[in-house]
Each structure stands twice: as C-alpha cells, then as structure tokens.
Amino acid sequence: MGPEGMVHALEKACRLLTPSGYVLDIHPLPAPASIEVRLAGRVELAGWIQEEDDYIEYGQAEEALGTVVRRGVATIEDRQVFPFVTHADSLSELRAYLAEEWQDAFIDEQTAGRIEDLLRTRVQDKEILVRETVSMVRLRPVRAG
C-alpha cells in the first residue's frame with residue numbers, strides 16, 4: 001500500500017470509531033533488522049535482513065501518521081518503541097518464514113554463510129534471532145465539536 005492509501009486507511013479508521021475509541025498503528029521502523037545467532041549465553045551478529053524495496057513502506061507509514069496529525073484528523077496520545085524478535089532453529093526455517101510472512105525480504109549469501117558457520121559449532125543450545133525495532137502509536141481521533 002502506498003503512502004496515500006495508508007493515510008486514507010488511517011483517516012477512515014478514525015471516522016469509524018466510537019467517541020471513546022482510538023487507533024493503534026504498529027509497524028517496524030525503517031531500519032534493517034539484524035540477524036544474530038545465539039550460542040548458549042553468547043550472541044553473534046551475522047548480518048541484516050535485506051529488503052527488495054529497502055524498507056520504504058515503513059518510512060511511508062511514519063509519514064502517513066504525520067499527515068493525519070497535520071490534517072487535524074487525529075492526535076498522537078502515546079508512542080512506544082520496542083524490540084520484536086523472531087526465533088528460528090535453522091537457516092531453512094528462517095527462509096521459509098520470510099517467504100511466507102515477509103515476501104520482499106532476503107538474506108544475502110555472505111550473511112547466510114556466516115549463519116551456517118555459527119550454527120555448525122558444537123554448542124547444543126543455539127538459535128537464529130531476527131531483531132526488529134517496532135513502533136506502536138495510539139491515535140485519538142479529533143472530533144468536531
């Protein structure tokens with residue numbers, strides 16, 4: 001969805017709410033997600049998730065929020081930023097997850113090689129971690145009164 005579609009969706013959601021309602025907008029921030037490998041108590045950075053469109057839609061989501069506020073449709077009551085971590089036991093499991101849930105994401109060959117090298121260690125307790133930074137914004141519609 002492009003930026004104008006995002007603005008339209010937020011404006012429509014604000015119009016449909018009851019007087020005490022609010023809109024929660026949740027989306028990742030426009031920064032690459034890190035890929036780490038946890039080996040028992042140690043965590044090693046392997047690389048980053050790449051996106052075909054370079055994470056453009058997350059910046060557009062931020063712009064859409066700003067647009068509805070500037071237009072006087074809603075005010076931001078609260079904003080929280082938090083880490084969101086996806087866990088995988090293998091590179092193939094992570095790639096299957098990305099193919100299903102994050103279609104424009106990919107792992108470059110250098111990062112894939114680093115992940116495989118780290119997973120080959122003798123440590124039994126190990127996993128892949130994908131860390132994103134997510135924004136959650138509570139919007140309160142501005143009611144004409």
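**Exercise 1. In which strand does I26 lie?**

Solution. The structure examined here is a predicted model. I26 belongs to strand 1, which covers residues 23–28. On the surface, I26 joins Y22 and L24 in a nonpolar patch, and the accessible area of the three together is about 300 Å². I26 is also among the residues in contact with S135, once neighbours of S135 within four places in sequence are left aside.

**Exercise 2. Describe the surroundings of S135.**

Solution. Begin with the position: S135 is found in strand 7, residues 126–141. Next, consider accessibility. The relative accessible area of S135 is 0%, and the cut-off for a buried residue is under 20%; S135 is therefore buried. Then list the partners. Beyond neighbours within four places in sequence, S135 is in contact with D25, I26, H27, L29, E62, R79 and Q80. With one of these, R79, there is a polar contact between side chains, at 3.2 Å.

**Exercise 3. Compare the span of helix 2 with its expected value, and characterise the helix.**

Solution. Helix 2 comprises 15 residues, 56–70. The expected span is 1.5 Å times one less than the number of residues, which gives 21 Å for helix 2. The C-alpha atoms at its ends are 21 Å apart, so the model agrees with the expectation. As for burial, the buried residues of this helix are E57, Y58, G59, Q60, A61, A64, L65, T67 and V68. After the helix comes G72, with a positive phi near 80°.

**Exercise 4. Which residues other than glycine, among A40 and Y55, have a positive phi?**

Solution. The background is that most residues other than glycine have a negative phi. A40 has a positive phi of about 55°, and Y55 has a positive phi of about 65°.

A40 is placed in the loop between strand 2 (34–39) and strand 3 (42–48). Its relative accessible area is 35%, so A40 is partly exposed.

Y55 is placed in the loop between strand 4 (50–51) and helix 2. At a relative accessible area of 4%, Y55 is buried. Not counting residues up to four places away in sequence, Y55 touches P30, A31, P32, A33, I49, Q50 and W102. The side chain of Y55 reaches the backbone nitrogen of A33 at 3.1 Å.

**Exercise 5. Examine three of the salt bridges and state which parts of the chain each one links.**

Solution. The structure holds 12 salt bridges, and three are treated in turn.

1. The side chains of E4 and R71 form a salt bridge at 3.9 Å, N to O. The pair is 67 residues apart and links helix 1 (residues 3–16), which holds E4, to the loop between helix 2 and strand 5 (74–88), which holds R71. E4 is exposed, at 54% relative accessibility, whereas R71 is partly exposed, at 47%.

2. D125 and R38 form a salt bridge through their side chains at 2.9 Å, N to O. These residues are 87 apart: D125 is in the loop between helix 4 (109–119) and strand 7, and R38 is in strand 2. D125 is partly exposed, with a relative accessible area of 42%, while R38 is buried, at 18%.

3. The side chains of R140 and E77 meet in a salt bridge at 2.9 Å, N to O. This pair links strand 7, with R140, to strand 5, with E77, across 63 residues. R140 is partly exposed, at 23%, and E77 is partly exposed, at 37%.

Finally, salt bridges with shared partners join E4, E11 and R71 into one network.

Technical notes. Residues numbered from 1 in each chain as written. Predicted model: local features only at pLDDT ≥ 70, side-chain atom pairs only at ≥ 80, totals over all residues. Heavy atoms only, no water. Patch = residues over 30% accessible without salt bridge, like charges linked within 9 Å, V, L, I, M, F, W, Y side chains within 5 Å. Areas by Shrake-Rupley, 256 points an atom, 1.4 Å probe, with all protein chains shown as cover. Salt bridge = Lys/Arg side-chain N within 4 Å of Asp/Glu carboxyl O. Helix = DSSP H or I, 4+ residues; strand = E, 2+ residues; numbered from the N terminus. Buried < 20%, exposed > 50% of the residue type's maximum accessible area, 1.4 Å probe, protein only. Polar contact = N/O pair within 3.5 Å; in protein donor to acceptor, adjacent residues only side chain to side chain. Contact = heavy atoms within 4.5 Å.
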